[in-house]
Amino acid sequence: MLTLLRDLRRLRRDLDLRPASRGRSLAMRHVDAGSCNGCEHELTLASSPYYDLQRFGLGVVASPRHADLLLVTGAVTTRMREPLLVAYNAMPEPRRVAALGDCALGCNLLGTAENLVGPVEAILPVDIRIPGCPPAPDAIAEALLELIDQPRR
Amino acid sequence: MTVHSSSASYREQIAGALADGWRFANLHASSGGELVRTLLADAKGATRLETVRTEDRRAPSIVDLAPAAGWDEREAHDLHGVTFAGHEPLRPLVAHDLRLDRWTVPVRGHDTYQVAVGPIHAGVIESGHFRFHVVGDRILQLDARLFYKHRGLEPAAEGKTLDEGLAFAARACAACAVTNGVAYAHACEEALGLVPTAELARVRTVLLELERMWSHLNDIAAVCAGVGLAAGNNSFAALTERARRLNARLTGHRFLFASVRVGGSDLVLDDDDVRAARDEVAALRTDSARSWRELLFNASFEDRLPDIGVVTAAEAGWLGAVGPAARAAGLAEDVRAGSPRLAYEGLEPVVPRRAAGDVQARLEQRALELLQTFALLERLLERPGGRAVAERGGEERPIGIGRVESPRGATTCVVERRHDRIERLRLRTGSYANWPVVARAAADNLLPDFPLINKSFELCYACADR
C-alpha cells in the first residue's frame, strides 16, 4: 500500500499535478495522554526501514514550538490533561490535532471515572482520527500522508 | 494462608522466610485498607502469603526487611490510606499535586540544582516526570514521578466477573499484554482449582516467547537509538517489525492481543502456521546474529557501554531487581525456571560472562536471552495444535496467584474473588519492580548518559502506572 502511495505521489509530481497550496512536510509532536504503550511502539516502527515516514517529509520534533500537528495517543488521564493543554497552547498556528488509536478516540476505555477525562476531543478540537488498537504503522502512515495532501485551510 | 493479628508475628514470619531464601514478590492492601498482604516466592515457583490485619489503617512496615517493598507500601498509602509504622518518611508515589519537598529526596550542598524532565518527552516516549539533582553534569539523585498514566485499572476491575477482569490486566500494557494476561489467567485458574493441560501450557509458552522475541529485538534497537547509532537502530527495528508480522500471522494481532483467556485457549496453530513460524524464527535467528556482529565490531558504539549505569549484584538483590536487569548484574533468577504451569522444563537462567550490571551487560543479556527464545520457539513449534483447556486439579480458593517472567522480569498477579466476581486485583509487573533500580543506576552518572541508561532497562510506564 505504501509503495502504491509513493508511486502515485511520484506520478502526480511528474505530471505536475500538485497545486501550489499543498504542503510538503509535516512536523509532529507526540503526546502520550495515557496509552497502553501500543500506539507508541507502532509509531516508533513507522520511522523504521519498512515504512520510513521521514522520506515523505513527516518527522517527530522535540518541541511543540516546532510542530504543525499534535499527535495524541491514549485516553486522556486526569493527570495528563494539563500537560496536554500546555503542549497544545505552545504550538504555533495553524495547528492540527490527530487522535491516534482507539483509546484517543474514546472506544472501549478502561479505568475509573475519577482517573479518566475521556477521549482527546473532550478537551481539544480533533482534526484527524486514526482508529486501531493499536493502528499498524502502515495505517498511521496512510492517515498522515492523506493529511499532508489536503489543501491548507 | 495465615492472617496475623499482631505486627510482631507478621514481621517475624517475613524476616524468617527471607532468611530462608524466600524473595519478596508483592505487597498490597485490601481496597478498604483493612488488610495488608505480603507475597513471598522461592526459586522453584512456590509462593506464600502473609497477611496482617491493620488497626485504624496502620500496619507494620517491612521496608527495612525487604527494601523492594518500598513502592508497594507507598502505593498502599496513596490509594488505600494505610500508613506503615517504621517507613518514614512515607513519600507519596501515586498521589500527585503535592509540594516538591514532599516527594523528592532533599539534596543540599554547593552548586546543586535540579533538572526537571517530562511528563512529556522529546520523542515517541511514554509520559513520566524525572527530577534530577545534579552538580554540573553529574547526577547525585534521581526522583522519578510516574503514574501520569494511572487509569485506576485495579479498582475498575472490582466487581467484574473473572472473565471480564482479564482485559484490566492484559490491557494495562501492550508490550506485556501476553505476560499480564497469562499471569491473570494463572491466578484465576489457581483460585478455581484448575491446572492447564500440557497443550495449553505449550500454546501459552509460545505466546510468551513471541512477546519476548519482539520485545528483546526492540530493546537492542532502543540502546542503539540511545547512543545515536542509526544503522544498529534501523537493523534491529526492521527485525522487530518482522517479529510483529509473525505475531499477526499466527494470532491475527501484531501484539498478540486477545490470544489469552481464562481456562483455555481458542488459538489454532495448523501445519502451515507452525511451518511458517519455524522458518521465520530460524531466519530471525540468522539475521539478528548478523546484525549483532555488526554491533560488536563497531568500536565507537561498544566504547559507550561499559561502566555506565552500574547496578551491583548486592544492590540488585536488595532493591528487588528482576528480569534481564537482575541477571545482567549476576543474579541467576528467572521465574521461567520454576513455572510448572508453562512448558519451560529444563530451562536454566542465563547470565552474561561479564555480569557487571552496566549498560553493556544489560544489552548482552538481551542477545543471550534471544538465543534461548529462538531455541524454545523452534522446539515448541515442532507440531501443530492449539485449542486447549485447563482441567480440574486442585482445591478452590478465595485467592489465586500468577507469576510469569515478562521480557522485563517477574510479573505477579493476585486475584481475590468472591464467587465468580473480582474483589481485589493486583498486578505488579517487571517494570514496576525495576523503576527504583533505574533511579539507583542513574546516580553518579552523567546527565547526558541517562537516556542510554534508561533505554538499557527499556521499562514500560503503562504497566507500572496501571
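**Entry 1: a bent helix**

I started at α14(B), which bends by about 30° at Pro436(B). I note that the model is a predicted one. Does the length of the helix fit its residue count? What span should 13 residues give at 1.5 Å a residue? I got 18 Å for helix α14, residues 430-442 of chain B, and its end C-alpha atoms are 18 Å apart, so the two values agree.

Next I checked cover. Of the 13 residues in α14(B), 11 are buried, so I call the helix mostly covered, with buried meaning under 20% relative accessible area. Among the buried ones I listed Tyr432(B), Trp435(B), Val437(B), Val438(B) and Ala441(B). Just after the helix, I found Asp444(B) with a positive phi of about 75°.

**Entry 2: the nonpolar cores**

I looked for the largest nonpolar core and found 111 residues in it. Which members touch the most others? They are Tyr184(B), Met213(B), Trp435(B) and Phe457(B). Helix α7 of chain B, residues 198-226, gives the most to this core, with 12 residues. Another core lies apart from it and has 23 residues. Leu71(A), Ile128(A), Ala143(A) and Leu145(A) are among them. I wrote down a general rule here: in soluble globular proteins, nonpolar side chains tend to be buried together.

Then I followed Phe457(B). I left aside its neighbours within four places in sequence. Its contacts include Val437(B), Val438(B) and Ala441(B), three residues that I had already listed as buried in α14(B). Phe457(B) is also in contact with Arg362(B), Arg366(B) and Arg408(B). Val311(B) and Ala325(B) complete my list for Phe457(B).

**Entry 3: one threonine**

I picked Thr411(B), which lies in strand β14 of chain B, residues 409-418. Is Thr411(B) buried or exposed? Its relative accessible area is 1%, which is under 20%, so Thr411(B) is buried.

I then looked up what Thr411(B) touches, not counting residues up to four places away in sequence. The list includes Thr179(B), Asn180(B) and Ala183(B). It also includes Leu427(B), Arg428(B), Thr429(B) and Gly430(B). Gly430(B) is one of the buried residues of α14(B). I also took one distance: Thr411(B) and Glu190(B) are 221 residues apart in sequence and 16 Å apart in space, C-alpha to C-alpha.

**Entry 4: chain A**

I counted 5 helices and 7 strands in chain A. In what order do the elements run from the N terminus? I read α-β-α-β-β-β-α-β-α-β-β-α. Chain A has 153 residues, and 53% of them count as buried. I also looked at its contacts with a separation of 6 or more: residues 24 or more positions apart account for 81% of these.

**Entry 5: pocket and cavities**

The largest pocket holds about 1,200 Å³ of space. I found 46 residues lining it. Closest to its centre are Gly123(B), Val124(B), Ile125(B), Ala225(B) and Lys455(B). α7(B) gives the most to this lining, with 7 residues. That is the helix that also gives the most to the largest core. Elements of chain A supply residues too: α2 and β2 each give at least two.

I turned to the cavities and found 6 of 30 Å³ or more. The largest has about 220 Å³ of space. Its lining has 20 residues, and both chains appear among those nearest its centre: Gly34(A), Ser35(A), Cys36(A), Cys103(A) and Arg171(B). Helix α4 of chain A, residues 102-105, supplies the largest share, 3 residues.

**Entry 6: backbone oddities**

I first noted the rule: most residues other than glycine have a negative phi, and most peptide bonds are trans. Then I listed exceptions.

- A cis peptide bond joins Glu88(B) and Pro89(B), with omega about -5°. Pro89(B) is in the loop between β6 and α3 of chain B.
- The bond from Gly118(B) to Pro119(B) is also cis, with omega near 20°. Pro119(B) lies in the loop between β7 and β8 of chain B.
- Asp56(B) has a positive phi of about 50°. Its loop runs between β4 and β5 of chain B.
- Leu256(B) has a positive phi near 65°. I found Leu256(B) in the loop between α8 and β11 of chain B.

Which of the two loop residues is exposed, and which is buried? Asp56(B) is exposed at 68% relative accessible area, whereas Leu256(B) is buried at 2%.

Terms used:
Residues numbered from 1 in each chain as written. Chains lettered and ligands numbered in written order. Predicted model: local features only at pLDDT ≥ 70, side-chain atom pairs only at ≥ 80, totals over all residues. Heavy atoms only, no water. Core = buried A, V, L, I, M, F, W, Y, C linked by side-chain atoms within 4.5 Å. Buried < 20%, exposed > 50% of the residue type's maximum accessible area, 1.4 Å probe, protein only. Helix = DSSP H or I, 4+ residues; strand = E, 2+ residues; numbered from the N terminus. Contact = heavy atoms within 4.5 Å. Expected span 1.5 Å × (residues − 1). Bend = angle between axes of the 7 residues up to and from the residue. 1 Å grid on protein atoms, 1.4 Å probe; cavity = no way out; pocket = protein on both sides within 12 Å on 5 of 7 lines; lining within 4 Å. Points joined across faces, edges and corners; volume = space filled by probe spheres on them.
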